[in-house]
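Visitor: Please take a close look at a single part of this model, the main nonpolar core and the helices around it. A plain account will do.

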Amino acid sequence: MKEAGITLPILVGGAALSRKFTDTRIAKDYDGLVLYAKDAMTGLSLANQLNSPDEYQKLLDEKSKKIASRDIPADFPVRTSVSVAVKPKKTVSAEAPVFIPKDTKRHILKAYSLSHIEPYINMQMLIGHHLGVKGKISNLLAEKDEKAMKVKGVIDELLSEAGKNEWISPAAVYQFFPTQSEGNKVIIYDPQNQENIIDVFEFPRQESAPFLCLADFLKPVESGIKDYVGFFTVTAGRGIREKAEEFKREGRFLESHALQALALETAEGFAELIHRQMRDRWGFPDPLDFSMQDRFAAHYQGQRFSFGYPACPNLEDQQKLFKLIQPEQIGIHLTDGCMMEPEASVSAMVFAHPEARYFNVNKV
């Protein structure tokens with residue numbers, strides 16, 4: 001947009017962005033306003049401000065002050081991978097055992113019951129985050145809060161109708177691959193011929209202690225031991241956009257928005273379910289007393305990482321994942337910008353190492 005001479009205001013938000021990131025990494029590279037909206041209501045408020053010439057000028061002045069008072073120049077280069085004189089010492093245990101999956105064949109689940117996924121749907125995220133009900137949803141429902149009960153009723157009705165009419169048709173594909181690490185690289189081997197390299201991922205390393213990189217969670221090439229990594233994609237979004245548009249044309253705006261939100265959280269819940277199945281097949285199932293809240297908080301062994309997030313920010317790596325497990329067979333496709341269609345889809349790379357955890361690579 002900058003190269004095209006466009007200076008229209010931009011509103012940004014979403015799970016992968018923060019106000020700091022917006023101000024330090026996006027706004028400085030654009031001649032127009034770049035404003036952070038943490039949710040839709042904030043976006044609406046900002047849009048109203050932009051409609052007022054006085055408020056618009058005020059926001060422009062605020063941007064100028066921020067740039068003028070910033071300690072780093074606007075063209076300050078930001079590194080995303082480690083560059084130090086001494087190679088940082090790895091802080092992840094190299095003694096962890098190798099967990100060997102039951103098989104390395106591709107598992108395709110083309111027709112999965114919505115009722116089996118329903119317990120994995122995070123109602124706090126669905127009703128609280130997507131549908132704007134403030135507070136702890138479980139408490140509000142227990143207290144018979146009017147707004148929470150009304151929205152939950154809409155969701156229950158949609159779940160029932162979606163199940164009967166197959167509005168939401170979940171599908172998934174997953175597979176394990178032999179692997180090893182080499183520095184910051186993750187080498188993927190052919191499951192049928194473990195000497196044959198079929199792809200290589202390279203991930204950034206933290207610039208400061210503990211200098212983590214996703215490659216650290218795998219056995220290195222020099223160990224002579226093959227490790228394993230998993231990949232999966234799930235979708236719950238086929239036909240959702242069309243059904244939501246149909247609701248909108250009928251004036252059923254709440255149902256239209258709620259159905260799209262339900263599809264998104266169904267995909268997240270299905271990802272949680274598939275990840276659980278992968279842990280089972282990997283040989284470290286969850287404890288019998290493991291609660292759904294434990295799963296939502298990722299208290300299980302191992303972690304799954306989605307491309308575009310801090311530990312693996314290169315969204316183009318989606319192309320490699322698609323080449324490996326071919327999600328096109330369950331109706332998921334990549335756009336030119338490496339986003340998944342339909343929208344209510346989740347993909348991930350899964351690690352088994354007991355110390356695997358989420359971390360942020362980018363430093364400003």
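**The core and a helix pair**

Guide: In this predicted model, the largest nonpolar core has 48 residues, and the members that touch the most others are Leu126 and Phe232. The biggest contribution to this core comes from helix α9, residues 253–282, which supplies twelve residues. For background, nonpolar side chains in soluble globular proteins tend to be buried together.

Leu126 can be followed outward. Leaving out residues up to four places away in sequence, Leu126 touches Ile121, Leu131, Ile155, Ala261, Leu262 and Glu265. Of these partners, Ala261, Leu262 and Glu265 fall within the residue range of α9, 253–282. Another core, of 32 residues, lies apart from the one that holds Leu126; Phe177, Phe203, Leu214 and Leu324 are among its members.

Helix α9 also packs against helix α8, which covers residues 240–249. The angle between the two is about 165°, and their axes are 7 Å apart. Angles over 145 degrees count as roughly antiparallel, so α8 is roughly antiparallel to α9. The crossing of this pair is right-handed. On the α8 side, the contact is made by Ile240, Lys243, Ala244, Phe247 and Lys248. On the α9 side, the residues are Phe253, Glu255, Ser256, Leu259, Gln260 and Ala263. Sorted by class, the contact of α8 with α9 comprises six nonpolar, two polar and three charged residues. The charged ones are Lys243 and Lys248 of α8 and Glu255 of α9, while Ser256 and Gln260 of α9 are the polar ones.

Between α8 and α9 there is a loop, and Gly251 lies in it. The relative accessibility of Gly251 is 40%, so this glycine counts as partly exposed, the range for that class running from 20% to 50%. Gly251 is 224 residues away from Ala27 in sequence, and their C-alpha atoms are 37 Å apart in space.

A loop elsewhere in the chain can be set beside that one. Cys338 sits in the loop between β9 (333–334) and β10 (340–341). With a relative accessibility of 3%, Cys338 counts as buried, since the cut-off for that class is under 20%. Apart from neighbours within four places in sequence, Cys338 is in contact with Leu315, Glu316, Gln318 and Gln319. Asp317 is 21 residues from Cys338 in sequence, with a C-alpha to C-alpha distance of 8.4 Å. The two loop residues thus fall into separate classes, because Gly251 at 40% is partly exposed and Cys338 at 3% is buried.

Methods: Residues are numbered from 1 along each chain as its sequence is written. This is a predicted model: local features need pLDDT of at least 70, side-chain atom pairs count only at pLDDT 80 or more; totals for chains, interfaces and linings use all residues. Side-chain values use heavy atoms; hydrogens and water are left out. A nonpolar core is a set of buried Ala, Val, Leu, Ile, Met, Phe, Trp, Tyr and Cys residues joined through side-chain atoms within 4.5 Å. Buried means under 20% relative accessible area, exposed over 50%, partly exposed in between (1.4 Å probe, protein chains only). Helices (H or I, at least four residues) and strands (E, at least two) are DSSP runs, numbered from the N terminus. Contact means heavy atoms within 4.5 Å. Axes are lines fitted to C-alpha atoms, for helices over the stretch in contact, and angles run from 0 to 180 degrees between N-to-C directions. Angles under 35 degrees count as roughly parallel, over 145 as roughly antiparallel, 65 to 115 as roughly perpendicular and the rest as oblique. A crossing is left-handed if the near helix is turned anticlockwise from the far one by less than a right angle, and right-handed if clockwise.
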